[in-house]
Amino acid sequence: MPAKYSHVKKRTTNPKKKAGATIQSGKDSNRHKKLPNHLDKTITNAMSAVSQLERAIAKIFLIRFEQDIARLFSTHIFCVALIHLPTFMMRCITVGGPSWVAYNADCEEIKDFFRSVVSMDLRQAGERVSTKSVLWSYTALREFALSNNVPVCRKRGLHSLRLLPHYDSLKLHMDSLEAMPHAAFTKPPHLGALTEGLEALEEACELKYGEKSPLRSTPPPGWDHQWRIKVRTGYERLSQTLWRVAREFDVSGYGCVLREKLTTKWCDCGCSTDHLGEVCEKTVREDEEGSGVRSGKQREWDGRGSGVLGWETEEEEDIWDIDLDFGSSDSEEGDGFGSEMTIAQMMEIRFIKAEREKEFGNAAFRRGEYQRAVKHYKAAHSIEPELPHYQLNLAAAHLKLNDWLEAEEACTKALGQHRSIKGYYRRSKARRMLGKLDDAVLDLRAALKIQPSNNEALDELLSILPPDDSSRLAPASSSLATSSSSTSPAPRNAGSLYDHLHLPKLKQPKQLPFARSSNDDKKIKVSSIPVSYEVPLMPAGKTSTEVKAKDVKTRTESFIFPSWEKYTVRLATC
């Protein structure tokens, strides 16, 4: 034994004591035998009850989250119609004249531009709505608890297990939420008419084209005494088109981060409301102390409105107009480049990375390298999961590879965000190859409901449901108007064709109180202006949190970023 351990006495082995220890160990092992059946069932039932409670709470939060997205984004759409549509109309009027928008407000060129910008705006739903929605829903849950004499800790907030005796009431509330119509975009009733937007538009037209215009001595052709009614009608129809496009999008496909937590991470672990209580309780108490108890709170309190200026008044703010200039959620992880970026900057970088992967995929697709294209499209979607067009690109590549199941799945994901013509059409092709003819027909009818003049969808539907007398019905290419505008007249035998396919008949254009001019037949092109970004170049093997901002080199790159501010309107070239 080494000298430094010489003071330690070696313990002698005592056989009797060892035997006794063995017996004692046997006694301990009896303590871990299987519990009696009645006790085991009691514990299982208790765990099941807790799981049901957490699932109910998560479902309530999720449904209210979808309602909050629809509610707040509807205010945004109204503000777009009030502020941005007049500018858009002026640019169209400059190209086509005062009545062009009135006759072409529903054309596919305008709707495609609206779709691209609405899609870009909705990708921000998680960052803009989730925090507010969680706070509002926690406030509602907290008020429910207080009304039932459930104690709420000042520091840790509401503990979910204290709500277990009130599960039936929560379940009843969840059922009532599920029975409500699915959340969709619609104009909030408290917001007024678009009077200010119309007045601004008419004033701009008067200054530029009217009789009192300082820019010209006489009005240009088409600007007669009816120009005000032409402009007013065009503005009204353009606003209606914007709302129809917005309703093509499904709120269930947005807010992926919070949705994942509510559906997968906060269901069975018992930490859902406990964690939310710690985060939200302080904010709720400060809001109550600052603003007091609002009228009607005792009768019906859902927490909504906190943090939104002018809530449910004509002055309600558009939260999409607020700059996301606060720090990202990773700001506490370090002092690297990523921790110094704002939420807006992080979203821009995320979009740029996804678009770069998409461009790589497009290049591979054009070369016929469809497997490589699939990898790039998947990478783009993993970076930016709330833009549906990456899944549509992925579906196109899978169709080329005859991967019908994968193509169907990609289209279904895309349609879960945006009910698009491409999504329905490509899924119909995949389902047809899988032998799901009934489902393929439903998809094609859905596509034709969005765009009745889509010849590809009609040809595909006719190939599945051929007419009884092909000589009596003309082929699809000649049965529909080639123009995408809904104002184009329907061909003579289109009615018989649509009756055979059980499709809604083409609506005749509404008669307008002024004559159609040759300028109204012009075709325009709306193009987003490329935006230049300083893209950071990370050293190989380094992440954004491991690199100081001053050490990061950048490169200027241009990307198409659809927005309501940066676009051009010009005559289309044949």
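Which handedness does the crossing of H16 and H17 have, left-handed or right-handed? The crossing is left-handed. The model on screen is a predicted one, and this tour starts at that helix pair.

**Stop 1: H16 and H17**

Select residues 421–433 for helix H16 and residues 437–450 for helix H17. H16 and H17 pack at an angle of about 165°, and their axes lie 8 Å apart. An angle over 145 degrees counts as roughly antiparallel, and H16 and H17 are therefore roughly antiparallel to each other. Show side chains next. On the H16 side, the residues that meet H17 are Ile421, Tyr424, Tyr425, Arg427, Ser428, Arg431 and Arg432. Their partners in H17 are Leu437, Asp439, Ala440, Asp443, Leu444, Ala446, Ala447 and Ile450.

**Stop 2: H17 and H18**

Keep H17 and add residues 455–464, which form helix H18. The axes of H17 and H18 come within 9 Å and cross at roughly 150°. That angle makes H17 roughly antiparallel to H18. The crossing of H17 and H18 is left-handed. From H17, the residues in this interface are Ala440, Val441, Leu444, Arg445, Ala447 and Leu448. They meet Ala457, Leu458, Glu460, Leu461 and Ile464 of H18.

Colour H18 by accessibility: Ala457, Leu458, Glu460, Leu461, Leu462 and Ile464 are buried. Then go to the start of H18, where Asn454 places a side-chain oxygen within 3.3 Å of the backbone nitrogen of Glu456.

**Stop 3: the nonpolar cores**

Select Phe88, Phe114, Phe185 and Leu238. These residues have the most contacts inside the largest nonpolar core, which has 84 residues. Helix H2, residues 37–83, supplies the largest share of this core, with 17 residues. A second, separate core has 19 residues, including Leu415, Tyr424, Ile450 and Leu461.

Return to the larger core and centre on Phe114. Beyond residues up to four places away in sequence, Phe114 touches Leu85, Phe88, Leu238, Thr241, Leu242, Val245 and Trp564.

**Stop 4: Ser239**

Move to helix H9, residues 227–246, and pick Ser239. Is Ser239 buried or exposed? Ser239 has a relative accessible area of 6%; the cut-off for buried is under 20%, so Ser239 counts as buried. Outside its neighbours within four places in sequence, Ser239 is in contact with Ala81, Leu85 and Leu194. Draw a distance between the C-alpha atoms of Ser239 and Leu85: they are 7.6 Å apart in space and 154 residues apart along the chain.

**Stop 5: two loop residues with positive phi**

Most residues other than glycine have a negative phi. What is the phi of Asn149? Asn149 is not a glycine, yet its phi is positive, at about 60°. To find Asn149, look in the loop between helix H6 (125–147) and helix H7 (167–179). Asn149 has a relative accessibility of 72% and therefore counts as exposed.

Finish at Glu312, which sits in the loop between helix H11 (272–291) and helix H12 (343–366). Glu312 is another non-glycine residue with a positive phi, here about 55°.

Definitions and conventions. Residues numbered from 1 in each chain as written. Predicted model: local features only at pLDDT ≥ 70, side-chain atom pairs only at ≥ 80, totals over all residues. Heavy atoms only, no water. Core = buried A, V, L, I, M, F, W, Y, C linked by side-chain atoms within 4.5 Å. Buried < 20%, exposed > 50% of the residue type's maximum accessible area, 1.4 Å probe, protein only. Helix = DSSP H or I, 4+ residues; strand = E, 2+ residues; numbered from the N terminus. Contact = heavy atoms within 4.5 Å. Polar contact = N/O pair within 3.5 Å; in protein donor to acceptor, adjacent residues only side chain to side chain. Axes fitted to C-alpha atoms, helices over the stretch in contact; angles between N-to-C directions. Parallel < 35°, antiparallel > 145°, perpendicular 65-115°, else oblique. Left-handed = near helix turned anticlockwise from the far one by under 90°.
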